[in-house]
Amino acid sequence: MMEDIYHNYCISSDKLPAVARFLTIYIEEAHASDEWWLPDSPEAQVGGKAYIRKHRSLEERLVAAKSFVNDFKFPIEVVCDSFENEVWSYFECWPERLYIIQYGHIVYQGGKGPFNYKLAEVKDWLSDKFGPRGDPIARR
């Protein structure tokens, strides 16, 4: 779903210009194998794509973010929070949260994920501001 929104609003086509920029900020690992591990997930097993230990340095966080991008072929730009978790603290975004920032101001603040993570609200905002693009998305 995120990829559909990304392709419709962030990539220029011969008919429509890009009107948004998506940025993912990799923060503290939500399901670190040595903390809150998900043993039922095949990818969270030793050797799996999502088997990640709690970061003990900024370098480990950067490696984890790069692995995430490569392993999951994530098309959206990814940066890392500082090791002091400044973004996490300021935006109260653990484990995940959606924001729209326009001209330096927060114009949309989504609920805390995973249960209040509503991509349909982001698409609605973009559609209201820039016009509908792409197919309708399912609401949850």
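Which residues of helix H1, residues 2-9, are buried? Keep that in mind as we start. One caution: this is a predicted model.

So, H1. Its buried residues are Ile-5, Tyr-6 and Tyr-9. They lie on the same side of H1, because they cover an arc of only 100° around the axis. Here is the general background. An α-helix has 3.6 residues a turn, so residues three or four places apart point the same way.

What do the buried residues of H1 pack against? Helix H4, residues 119-130.

That takes us to the core. The largest nonpolar core has 13 residues. Among those with the most contacts inside it are Ile-5, Val-122 and Leu-126. Phe-22 and Leu-98 belong to that group as well. H1 and H4 each supply at least two residues of this core.

Take Leu-126 by itself. Set aside its neighbours within four places in sequence. Leu-126 is then in contact with Ile-5 and Tyr-9, both of them buried residues of H1. Its other contacts are Ala-20, Phe-22 and Gly-131.

Next, the strands. S3 covers residues 99-102, and its side chains alternate. Ile-100 and Gln-102 point to one face and are buried. Tyr-99 and Ile-101 point to the other face and are not buried.

S3 has a partner, strand S4, residues 105-109. The two run antiparallel, joined by four bridges. Tyr-99 stands opposite Gln-109 in S4. Together S3 and S4 form a hairpin, with two residues between them. Look at Tyr-103 in the turn: it has a positive phi of about 50°.

Now the aromatic rings. How many aromatic pairs does a search of the whole structure find? Seven. One of them joins Tyr-90 and Phe-91. Their ring centres are 4.8 Å apart, with 80° between the planes. That makes the pair edge-to-face, because the angle is over 60 degrees.

Is Tyr-90 buried or exposed? Exposed, because its relative accessible area is 64%, and the cut-off is over 50%. Phe-91 is buried, because its 18% falls under 20%. Elsewhere, Phe-68, Phe-72 and Phe-74 form one aromatic cluster.

Last, the cysteines. The disulfide count comes to zero. Cys-80 is partly exposed, at 23% relative accessibility. Cys-93 is buried, at 9%.

To recap: H1 packs its buried residues against H4, S3 and S4 form a hairpin, and Tyr-90 and Phe-91 form an edge-to-face pair.

Conventions:
Residues numbered from 1 in each chain as written. Predicted model: local features only at pLDDT ≥ 70, side-chain atom pairs only at ≥ 80, totals over all residues. Heavy atoms only, no water. Buried < 20%, exposed > 50% of the residue type's maximum accessible area, 1.4 Å probe, protein only. Arc of directions from axis to C-beta. Contact = heavy atoms within 4.5 Å. Phe/Tyr/Trp six-rings, centres within 6.5 Å; stacked < 30°, edge-to-face > 60°. Disulfide = S-S within 2.5 Å. Pairing = 2+ DSSP bridges. Core = buried A, V, L, I, M, F, W, Y, C linked by side-chain atoms within 4.5 Å.
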